[in-house]
Amino acid sequence: VLARRELGSGVELSFQLHPELMEGQAYLQYSRWNSTRAMARLLANLGAGFARDQGLLSKEADPYQPVELPLVWKHAIEKQIPTVASLDNVPLDEGNRKLEEGWHRPDFDDSTWLKAPVLGGWERNHESLESFDGAMWLRGVVAIPPEWKGKGDVVLEMPKVDDFDITYVNGFRVGMTGPETDNAWNQPRAYTVRSFMLRPGKANHIAVRIFDHFGGGGFTGNEASLYRLRLKKAPLRPGLYHQEYRRDRALGDSPFRYYRW
């Protein structure tokens, strides 16, 4: 039984289909899936189109995908410390000396700073930093899509940072990892950036102060998947599955059963 009624400028369609009619058959074991499938077939027979199908067939890029960070950043030395041979006598960080000069601010003039790739550590990417230990600043710029406006907070992900860091986005401090973190030099970073700190559709400035007291320094990780900005709760793109479907059984929903819609 298919019922139809007009509601203002829209139309409501409903139908009766008893869930128990679908139980006991391996590929018809989910009443929610089959109710949706049955309704979709009825509507398609009546000439209806589906936004989900249009999304699947669209060639437009998903604006809510994570945005990769730049591979080349500007850098400047705050303070170099003596290189030591053992972790037993590493120098301590004497403090963030360049904060008052605005090295973290988006409007800071860094035109004289040098440029270098960042992934893999600064010793590998720049000859003059081959044996550098101390405090270094890195500054990078990334654009995020205008569609991110109003979509909530963002997560800044960076691969391993050796050793400690204080990280800013558009002048706001979004996170830090210091000596209180065990094996900080070997830990990826993931800092929440509040939505009001961002500039969707414009340039966003990231500044990272790294203090390296022993061995390699900088972004020593190479994991591209951990080097990005992503929405904390990205809107779902149309897909083959309804988000509430169960997928915990071997004979669960198969996307191949959707192709005749």
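**Cavities, pocket, sheet and loops of the predicted model**

The largest cavity is lined by 16 residues, and those nearest its centre are A116, P117, V118, W122 and L138. Two or more residues of this lining come from each of the elements β4 (72-80), β5 (114-117), α3 (122-125), β6 (134-143) and β13 (218-219). Among these contributors, β4 gives the most to the lining of the largest cavity, with three residues. The structure analysed here is a predicted model, and it holds two cavities of 30 Å³ or more. The space in the largest cavity amounts to about 110 Å³, and its lining, sorted by class, has nine nonpolar, six polar and one charged residues.

The largest pocket was examined in the same model, and about 230 Å³ of space lies in it. Of the 16 residues that line this pocket, D93, F164, G178, P179 and F211 are the closest to its centre. Three strands, β9 (164-169), β10 (172-177) and β12 (203-212), each supply at least two residues of the lining of the largest pocket, and β9 gives the most, with three residues. By class, the lining of the largest pocket consists of seven nonpolar, five polar and four charged residues.

Strands of a sheet pair through backbone hydrogen bonds, in either a parallel or an antiparallel sense. In the predicted model, an open sheet of four strands follows the order β3-β14-β7-β11, and its pairing is antiparallel. The edges of this sheet are formed by β3 (67-68) and β11 (189-193), each of which pairs on one side only. Between strand β7 (residues 154-158) and β11, the antiparallel pairing extends over five bridges, and E157 has A190 in β11 as its bridge partner.

Several features of the backbone fall in loops. The peptide bond from D162 to D163 is cis, with omega near 5°, and D163 lies in the loop between β8 (161-162) and β9. In the loop between β9 and β10 lies N170, a residue other than glycine whose phi is nevertheless positive, near 55°. The relative accessible area of N170 is 7%, and N170 is therefore classed as buried, the cut-off for this class being under 20%. A positive phi, of about 50°, is also found at N183, although N183 is not a glycine. N183 is placed in the loop between β10 and β11, and because its relative accessible area is 47%, N183 is described as partly exposed.

A further loop residue, H213, has its place between β12 and β13. With a relative accessible area of 14%, H213 is buried. When residues up to four places away in sequence are not counted, H213 touches I81, V84, L87, V90, P91, D133, D163 and F164. Two of the residues named in this list appear elsewhere in the description: D163 follows D162 across the cis peptide bond, and F164 is one of the residues closest to the centre of the largest pocket.

Key. Residues are numbered from 1 along each chain as its sequence is written. This is a predicted model: local features need pLDDT of at least 70, side-chain atom pairs count only at pLDDT 80 or more; totals for chains, interfaces and linings use all residues. Side-chain values use heavy atoms; hydrogens and water are left out. On a 1 Å grid over the protein atoms alone, a cavity is a set of points where a 1.4 Å probe fits but cannot get out, and a pocket is an open set with protein on both sides within 12 Å along at least five of seven lines; lining residues have an atom within 4 Å of a point. Grid points are joined across faces, edges and corners, and a volume is the space filled by probe spheres set on the points. Ala, Val, Leu, Ile, Met, Phe, Trp, Tyr, Cys and Pro count as nonpolar, Asp, Glu, Lys and Arg as charged, and the others, Gly among them, as polar. Two strands pair if DSSP finds at least two bridges between them. Buried means under 20% relative accessible area, exposed over 50%, partly exposed in between (1.4 Å probe, protein chains only). Contact means heavy atoms within 4.5 Å.
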